[in-house]
Amino acid sequence: MTEYPRILAPWEEAVGKFYNLVSDGGGLRAEIGSLTVYLPLELEGELRPNVGKRIAILRTDDSARPYRFRLIGG
C-alpha cells in the first residue's frame, strides 16, 4: 500500500480490484486498484468479505450515509 492514503472528496469514487484492507486503529486503509484510500472503521464488516473482488466506493455528501459500496461485475 502507498504510504499516504487518499481521503475521498464528496462524489469521488475509487473503483478497481480490492487487494487489501488494514485497520490502523483509527480507520481503514483499503487498497483499491492503484489507490490506497482511508475509510471509516464502520465499513470494515461490509468490506472485508469482498477482498479480491472488483468494487467501487463512493463518498457522498449525505451525513447519514457518507460512503456507498458496490460490487462491479459478477
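In this predicted model, Glu12 forms a salt bridge with Arg6, and the closest N and O atoms of the pair are 2.5 Å apart. Arg6 is partly exposed, its relative accessible area being 40%. Side chains of opposite charge can pair when their charged atoms come close. The total number of salt bridges in the model is five.

Another of these pairs involves Arg70 and Glu13, whose closest N and O atoms are 3.2 Å apart. Arg70 belongs to strand 5 and Glu13 to strand 1, so this salt bridge ties together parts that are 57 residues apart in sequence. Both ends are partly exposed: Arg70 has a relative accessible area of 43%, and Glu13 has a relative accessibility of 34%. A further salt bridge joins Asp24 to Arg29, with 3.7 Å between the closest N and O atoms. Asp24, at 39% relative accessibility, counts as partly exposed, as does Arg29 at 24%.

The strands that carry some of these residues belong to an open sheet. Its five strands follow the order 3-2-1-4-5, and their pairing is antiparallel. Strand 3 (35–39) and strand 5 are the edge strands, each pairing on one side only. On average, neighbouring strands of this sheet are turned by 45 degrees against each other, direction ignored.

Within that order, strand 4 can be followed through its two pairings. Strand 1 (residues 13–23) pairs with strand 4 (residues 54–59) in the antiparallel sense over five bridges, and Val15 has Ala56 in strand 4 as its bridge partner. Strand 4 is also joined to strand 5 (residues 67–71) by five bridges, again with the strands running antiparallel. Here Ile57 stands opposite Phe69 of strand 5, while Leu58 stands opposite Arg68. In a regular strand the side chains alternate between the two faces of the sheet.

Ile57 also leads to the nonpolar interior. In soluble globular proteins, nonpolar side chains tend to be buried together. The largest nonpolar core has 15 residues, of which Phe18, Ala30, Ile32, Val37, Leu39, Leu47 and Ile57 touch the most other members. At least two residues of this core come from each of strand 1, strand 2 (28–32), strand 3, strand 4 and strand 5.

The surroundings of Ile57 bring several of these elements together. Leaving aside neighbours within four places in sequence, the contacts of Ile57 include Ile32, Leu39 and Leu47. Glu12 and Glu13 are also among the contacts of Ile57, together with Leu8, Ala14, Tyr67, Arg68 and Phe69. Glu13 is thus a contact of Ile57 and a salt-bridge partner of Arg70.

Methods
Residues are numbered from 1 along each chain as its sequence is written. This is a predicted model: local features need pLDDT of at least 70, side-chain atom pairs count only at pLDDT 80 or more; totals for chains, interfaces and linings use all residues. Side-chain values use heavy atoms; hydrogens and water are left out. Two strands pair if DSSP finds at least two bridges between them. Helices (H or I, at least four residues) and strands (E, at least two) are DSSP runs, numbered from the N terminus. Axes are lines fitted to C-alpha atoms, for helices over the stretch in contact, and angles run from 0 to 180 degrees between N-to-C directions. A nonpolar core is a set of buried Ala, Val, Leu, Ile, Met, Phe, Trp, Tyr and Cys residues joined through side-chain atoms within 4.5 Å. Buried means under 20% relative accessible area, exposed over 50%, partly exposed in between (1.4 Å probe, protein chains only). Contact means heavy atoms within 4.5 Å. A salt bridge is a side-chain nitrogen of Lys or Arg within 4 Å of a carboxyl oxygen of Asp or Glu.
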